[in-house]
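Reader: Please show me the model. I have some questions about the terms used for it.

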Amino acid sequence: MQLIECPWCGPREEVEFHYGGQAHVAYPEDPAALDDEQWAHYVFYRDNPKGRFAERWSHAAGCRRWFNAVRDTATYRFESVYHPDQPKPVIP
Amino acid sequence: MTGDITRPRTPGADLPDHPDFLWRNPEPKKSYDVVIVGGGGHGLATAHYLAKNHGITNVAVLEKGWLAGGNMARNTTIIRSNYLWDESSAIYEHSLKLWEGLEEDLGYPILFSQRGVLNLAHTLQDVRDSIRRVEANKLNGVDAEWVEPDEVRKICPIVNTSADIRYPVMGATYQPRAGIAKHDYVAWGFARRADEAGIDLIQDCEVTGFTTDGNRVTGVQTSRGTIAAGTVALCAAGHTSVLTDMLGFRVPVQSHPLQALVSELLEPVHPTVVMSNAVHVYVSQAHKGELVMGAGVDSYNGYGQRGAFHIIERQMAAAVELFPVFARAHLLRTWGGIVDTSPDASPIVGRTPYDNVYLNCGWGTGGFKATPGIGDAMAHTIAHGEPHPYVAPFALDRFVSGALVDEHGAAAVAH
Ligand SMILES: Cc1cc2nc3c(=O)[nH]c(=O)nc-3n(C[C@H](O)[C@H](O)[C@H](O)COP(=O)(O)OP(=O)(O)OC[C@H]3O[C@@H](n4cnc5c(N)ncnc54)[C@H](O)[C@@H]3O)c2cc1C
Ligand SMILES: [Zn+2]
């Protein structure tokens, strides 16, 4: 079983975590200004790269806090974990 | 006596000759009328029906690995058409009818076995949803019935229908015409027919980019050179986003690992297919004798064709609860595929922002059953430049219009 590093608790087993999908998808600043197409992208569309992906995880069976991680979706290797208020790392 | 008896023999010298190859392995030509990206079931079926129904044979199927080595080789082969909504039951029922004549059409054995499928209900809400689905199915001409626990026991005696389990079986929907087929044979059957018609099946040929001219794609760049294309059909399942990223448009799919497993070979014990949404496992017994069981997706996005072991453990717990007799069976092999899940658990098929590129993806955990149906509909779409009525409701623009075809849960386990 893969160990995932919670930035608050340290490495814990994968079963303790809940996946939250793509990170840094902000709620629209002016929702009323969005057209249908833009709403569709906000609601339904998420990136789906093969390779490094900035995504959200929650330590559901531990401290219950959310954090972000950069993980490689082809190898499943976690490259870094960081707090939700930190900016998105530059992904080459 | 000569010394022949003692002379060492070349290893393998006594083996029979390699059987005939079912298709050529041609070099890619400079140009094709139609280029299909992805040599899984959907790509191969599209090729077959392009030739058979429309006489279009200047076609290449480009496959980055080996033919049908993706999800086509990894699925649990459940075939059924008992989906809730009219749009879904139309395409899946069309597909099921094609399955019923497929062996003859392909002239190849595919071990299609209509042994029925039970979708178990474990809660009152399950029961209500299931009966609603049965009624919807009947209105759509799909064979479906509601069966009580004692009938479940008659259809599949090894299911635990006692009241004292965590999720008692409160009944099931039953589709007698549902069943399983041998996935590899299906792929080979389609491939052989397409090859006979003159279509080039090109393996070890990865699409790495596209050349475009305004709203048109003019060619595909591949690991074996650039190939000009009149029309392009994307049939890349879990890798669709990688291709649409190259083309510069987005599709609302997420790629997830999906795992399955087989037991050792056993005597026939399981006469049908059983699926359970609530405890999440689906089981049949292959012709050879293995119990074939499928899991749920791993939660994270993944392109690794493998998943986590705790998913398998959870699935085994469900299987042993429902089928106590399995407790003594040994797990032989587990594996994973990459499935392209969509927001409404329905496929995404048809037009793209490019005039001559057609999309076929989003089948997620349940596209094997659609293989002949979508091949037929994609071929029609390509030949007429117009989405086939069966796929029209599954257009990409439904995520803007809001006309979703929500098959989440409503269609029982999504396989
Ligand atoms: C474990 C598991 C169990 C399943 N169980 C069922 C079931 O019981 N019933 C059911 O109906 N469905 C089931 N499915 C789903 C079903 O397998 C898929 O929906 C279906 O196979 C997808 O269509 P395909 O056969 O064309 O996909 P694939 O076989 O995955 O074909 C896509 C092909 O595209 C190729 N490709 C990708 N990118 C490129 C590129 N850049 N260049 C060239 N080629 C490329 C891939 O190598 C691959 O061979 C299951 C799937 C899995 C993984
Ligand atoms: Zn924690």
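Author: The side chains of Asp47(A) and Arg250(B) meet across the interface in a salt bridge. The model is predicted: local features need pLDDT of at least 70, side-chain atom pairs pLDDT 80 or more, while totals for chains, interfaces and linings use all residues. Residues are numbered from 1 along each chain as its sequence is written, chains are lettered from A in the order in which they are written, and side-chain values use heavy atoms, without hydrogens and water.

Reader: Why is the meeting of Asp47(A) and Arg250(B) called a salt bridge?

Author: The term asks for a side-chain nitrogen of Lys or Arg within 4 Å of a carboxyl oxygen of Asp or Glu. Arg250(B) and Asp47(A) have an N to O distance of 2.9 Å. The pair therefore meets the rule. The rule finds one salt bridge across the interface of chain B and chain A.

Reader: What makes residues part of the contact, and how many does each chain give?

Author: Contact means heavy atoms within 4.5 Å. Chain B gives 25 residues and chain A gives 23 residues.

Reader: How do you know what area is buried between chain B and chain A?

Author: Buried area is the accessible area (1.4 Å probe) that two parts lose on being put together, summed over both. Here that comes to about 2200 Å², with 54% from carbon and sulfur atoms. In chain B, Arg250(B), Tyr300(B) and Tyr303(B) lose the most area to chain A, together 31% of what that side buries.

Reader: What counts as a polar contact, and how many residue pairs are there across the interface?

Author: A polar contact is a pair of N or O atoms within 3.5 Å; within protein, one must be able to donate a hydrogen and the other to accept it, and residues adjacent in sequence count only if both atoms are side-chain atoms. The rule finds 16 residue pairs across the interface, both residues at pLDDT 80 or more.

Reader: Why does the span of H1(B) agree with a helix?

Author: Helices are DSSP runs (H or I, at least four residues), numbered from the N terminus. The expected span is 1.5 Å times one less than the number of residues. H1(B) covers residues 41-54, 14 residues, and should span 20 Å; its end C-alpha atoms are 19 Å apart, so the values agree.

Reader: What makes H1(B) mostly covered?

Author: Buried means under 20% relative accessible area, exposed over 50%, partly exposed in between (1.4 Å probe, protein chains only). Eleven of the 14 residues of H1(B) are buried, among them His42(B), Leu44(B) and Tyr49(B). Just after H1(B), Gly55(B) takes a positive phi of about 65 degrees.

Note on methods
Helices (H or I, at least four residues) and strands (E, at least two) are DSSP runs, numbered from the N terminus.
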